[in-house]
Amino acid sequence: RLSSLALGVSRDGEFTPKLVFGSDQSAVAYFEVYGPAPRPESVTARLEIASTPDGRALTTAIPRVVPRGGERWMVIGAIPIAALAPGDYVVRAIVNLDGRPVGRVTRTLRKSPAGA
(Lines give C-alpha, C1' and ligand atoms only; values in the text may rest on other atoms or scores of the structure.)
Protein backbone atom coordinates (compact mmCIF):
# COMPACT_ATOMS: atom_id res chain seq x y z
CA ARG A 1 0.00 0.00 0.00
CA LEU A 2 1.10 3.54 -0.70
CA SER A 3 0.12 6.78 0.99
CA SER A 4 -0.73 9.86 -1.04
CA LEU A 5 2.17 11.70 -2.62
CA ALA A 6 2.89 15.11 -1.08
CA LEU A 7 4.95 17.76 -2.86
CA GLY A 8 6.88 20.57 -1.26
CA VAL A 9 10.30 22.05 -0.66
CA SER A 10 13.08 21.60 1.87
CA ARG A 11 13.39 24.50 4.30
CA ASP A 12 16.05 24.28 7.01
CA GLY A 13 16.23 20.51 6.50
CA GLU A 14 12.47 20.05 6.98
CA PHE A 15 9.79 19.11 4.43
CA THR A 16 7.40 22.01 3.82
CA PRO A 17 4.31 21.28 1.66
CA LYS A 18 3.79 23.55 -1.33
CA LEU A 19 1.02 23.71 -3.96
CA VAL A 20 2.46 26.02 -6.63
CA PHE A 21 6.13 26.21 -7.63
CA GLY A 22 7.70 29.30 -9.22
CA SER A 23 11.45 29.82 -9.46
CA ASP A 24 12.21 26.77 -7.27
CA GLN A 25 15.12 24.63 -8.45
CA SER A 26 13.51 21.39 -7.29
CA ALA A 27 10.39 19.91 -5.76
CA VAL A 28 10.55 17.45 -2.88
CA ALA A 29 8.28 14.41 -3.10
CA TYR A 30 7.27 12.53 0.06
CA PHE A 31 5.12 9.44 0.64
CA GLU A 32 5.05 6.23 2.66
CA VAL A 33 5.00 2.54 1.73
CA TYR A 34 3.29 -0.11 3.87
CA GLY A 35 3.52 -3.90 3.63
CA PRO A 36 5.81 -6.88 3.94
CA ALA A 37 9.13 -7.13 2.08
CA PRO A 38 11.66 -9.97 2.10
CA ARG A 39 14.46 -7.50 3.01
CA PRO A 40 14.36 -3.79 3.82
CA GLU A 41 16.68 -2.99 0.89
CA SER A 42 14.35 -4.79 -1.57
CA VAL A 43 12.04 -1.72 -1.57
CA THR A 44 13.20 0.94 -4.06
CA ALA A 45 11.54 3.86 -5.82
CA ARG A 46 11.89 6.24 -8.77
CA LEU A 47 10.42 9.71 -9.27
CA GLU A 48 9.39 11.01 -12.69
CA ILE A 49 7.85 14.21 -14.05
CA ALA A 50 5.78 13.99 -17.23
CA SER A 51 3.32 16.16 -19.15
CA THR A 52 0.55 13.53 -18.91
CA PRO A 53 -0.15 10.57 -16.58
CA ASP A 54 1.25 8.04 -19.07
CA GLY A 55 3.59 10.38 -20.97
CA ARG A 56 7.32 10.09 -21.41
CA ALA A 57 9.35 11.13 -18.36
CA LEU A 58 10.81 14.62 -18.79
CA THR A 59 13.06 14.23 -15.76
CA THR A 60 13.71 11.51 -13.18
CA ALA A 61 15.26 11.14 -9.73
CA ILE A 62 16.00 8.39 -7.25
CA PRO A 63 14.60 9.17 -3.78
CA ARG A 64 15.79 7.83 -0.45
CA VAL A 65 13.79 4.88 0.91
CA VAL A 66 14.10 4.87 4.69
CA PRO A 67 12.86 1.89 6.75
CA ARG A 68 10.64 3.08 9.63
CA GLY A 69 10.27 -0.23 11.41
CA GLY A 70 7.97 -3.15 10.85
CA GLU A 71 6.38 -2.94 7.44
CA ARG A 72 6.72 0.81 6.87
CA TRP A 73 9.06 2.91 4.72
CA MET A 74 9.38 6.66 4.20
CA VAL A 75 10.26 7.76 0.66
CA ILE A 76 11.60 11.28 0.13
CA GLY A 77 13.55 12.87 -2.69
CA ALA A 78 14.06 16.01 -4.73
CA ILE A 79 13.38 16.19 -8.44
CA PRO A 80 14.65 19.06 -10.62
CA ILE A 81 11.99 21.44 -11.96
CA ALA A 82 13.94 24.63 -12.83
CA ALA A 83 13.98 23.83 -16.58
CA LEU A 84 10.22 23.17 -16.78
CA ALA A 85 8.07 25.76 -18.54
CA PRO A 86 5.06 27.11 -16.61
CA GLY A 87 2.14 24.68 -16.64
CA ASP A 88 0.79 21.55 -15.00
CA TYR A 89 2.84 18.35 -14.80
CA VAL A 90 2.37 14.88 -13.36
CA VAL A 91 4.81 13.69 -10.71
CA ARG A 92 4.91 9.88 -10.64
CA ALA A 93 6.46 7.76 -7.92
CA ILE A 94 7.03 4.15 -8.93
CA VAL A 95 7.74 1.67 -6.14
CA ASN A 96 9.64 -1.55 -6.84
CA LEU A 97 10.05 -4.72 -4.83
CA ASP A 98 13.13 -6.69 -5.82
CA GLY A 99 13.34 -4.63 -9.02
CA ARG A 100 9.74 -5.21 -10.13
CA PRO A 101 7.14 -2.41 -10.12
CA VAL A 102 4.49 -3.02 -7.46
CA GLY A 103 2.88 0.39 -7.02
CA ARG A 104 2.53 3.88 -8.37
CA VAL A 105 1.22 7.12 -6.94
CA THR A 106 0.83 10.47 -8.72
CA ARG A 107 0.29 14.15 -7.92
CA THR A 108 -0.09 17.25 -10.09
CA LEU A 109 2.69 19.81 -9.89
CA ARG A 110 1.83 23.35 -11.00
CA LYS A 111 4.72 25.51 -12.22
CA SER A 112 3.94 29.22 -12.37
CA PRO A 113 5.94 31.85 -14.24
CA ALA A 114 9.35 32.39 -12.60
CA GLY A 115 9.25 34.39 -9.42
CA ALA A 116 5.48 34.01 -8.96
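# Exercises on a predicted all-strand chain

Of the 116 residues in the protein chain, 41% are buried, where buried means under 20% relative accessible area, exposed over 50%, and partly exposed in between (1.4 Å probe, protein chains only). This is a predicted model, in which local features need pLDDT of at least 70 and side-chain atom pairs count only at pLDDT 80 or more, while totals for chains, interfaces and linings use all residues. Residues are numbered from 1 along each chain as its sequence is written, and side-chain values use heavy atoms, with hydrogens and water left out.

## Exercise 1: the overall build

Find which elements make up the protein chain, and how its radius of gyration relates to the globule rule.

*Solution.* Start with the elements. The protein chain has 10 strands and zero helices; helices (H or I, at least four residues) and strands (E, at least two) are DSSP runs, numbered from the N terminus. Read from the N terminus, the order is β-β-β-β-β-β-β-β-β-β. Next comes the radius of gyration: at 14 Å, the protein chain is close to the 13 Å that the globule rule gives for 116 residues, so it is as compact as a globular protein of that length. This radius is taken over C-alpha atoms, and the rule is 2.2 Å times the number of residues to the power 0.38. Along the principal axes, the C-alpha atoms fill a box of roughly 45 × 35 × 20 Å.

## Exercise 2: contacts along the sequence

Work out what share of the contacts between residues at least 6 apart in sequence joins residues at least 24 apart.

*Solution.* First fix the term: contact means heavy atoms within 4.5 Å. Then take the contacts in the protein chain between residues at least 6 apart; 60% of these join residues at least 24 apart.

## Exercise 3: salt bridges between distant parts

Count the salt bridges in the whole structure, then describe where the partners of Arg 72, Arg 92 and Arg 104 lie.

*Solution.* Side chains of opposite charge can pair when their charged atoms come close. Here a salt bridge is a side-chain nitrogen of Lys or Arg within 4 Å of a carboxyl oxygen of Asp or Glu. The whole structure holds eight salt bridges.

1. Arg 72 pairs with Glu 32 in a salt bridge, at 2.9 Å from N to O. Arg 72 belongs to strand S8 (residues 72-80) and Glu 32 to strand S4 (residues 26-34), so the pair ties together parts that are 40 residues apart in sequence. Arg 72 is partly exposed at 32% relative accessibility, whereas Glu 32 is buried at 10%.
2. Arg 92 makes a salt bridge with Glu 48, and their closest N and O atoms are 2.8 Å apart. Because Arg 92 sits in strand S9 (residues 87-97) and Glu 48 in strand S5 (residues 43-50), the pair ties together parts that are 44 residues apart in sequence. Both Arg 92 and Glu 48 are buried.
3. Arg 104 and Asp 54 form a salt bridge with closest N and O atoms 3.3 Å apart. Arg 104 is in strand S10 (residues 100-111) and Asp 54 in the loop between S5 and strand S6 (57-61), so this pair ties together parts that are 50 residues apart in sequence. Arg 104 is partly exposed at 44% relative accessibility, and Asp 54 is exposed at 70%.

Finally, Arg 39, Glu 41 and Asp 98 are joined into one network by salt bridges that share partners.

## Exercise 4: two residues in strands

Is Val 75 buried or exposed, and which residues does Asn 96 touch beyond four places in sequence?

*Solution.* Locate Val 75 in strand S8. With a relative accessible area of 1%, Val 75 is buried. Setting aside neighbours within four places in sequence, its contacts include Ala 29, Phe 31, Ala 45 and Val 65. Now turn to Asn 96, in strand S9. Asn 96 is buried, with a relative accessible area of 10%. Leaving out residues up to four places away, Asn 96 touches Ser 42, Val 43, Thr 44, Pro 101 and Val 102.

## Exercise 5: positive phi in loops

Where do Asp 12 and Asp 98 lie, and what are their phi values?

*Solution.* Asp 12 is in the loop between strand S1 (6-11) and strand S2 (14-17). Its phi is positive, about 55 degrees, although Asp 12 is not a glycine. Asp 12 is exposed at 82% relative accessibility. Asp 98 is placed in the loop between S9 and S10. Asp 98 has a positive phi near 55 degrees, and is a residue other than glycine. With a relative accessible area of 38%, Asp 98 is partly exposed.
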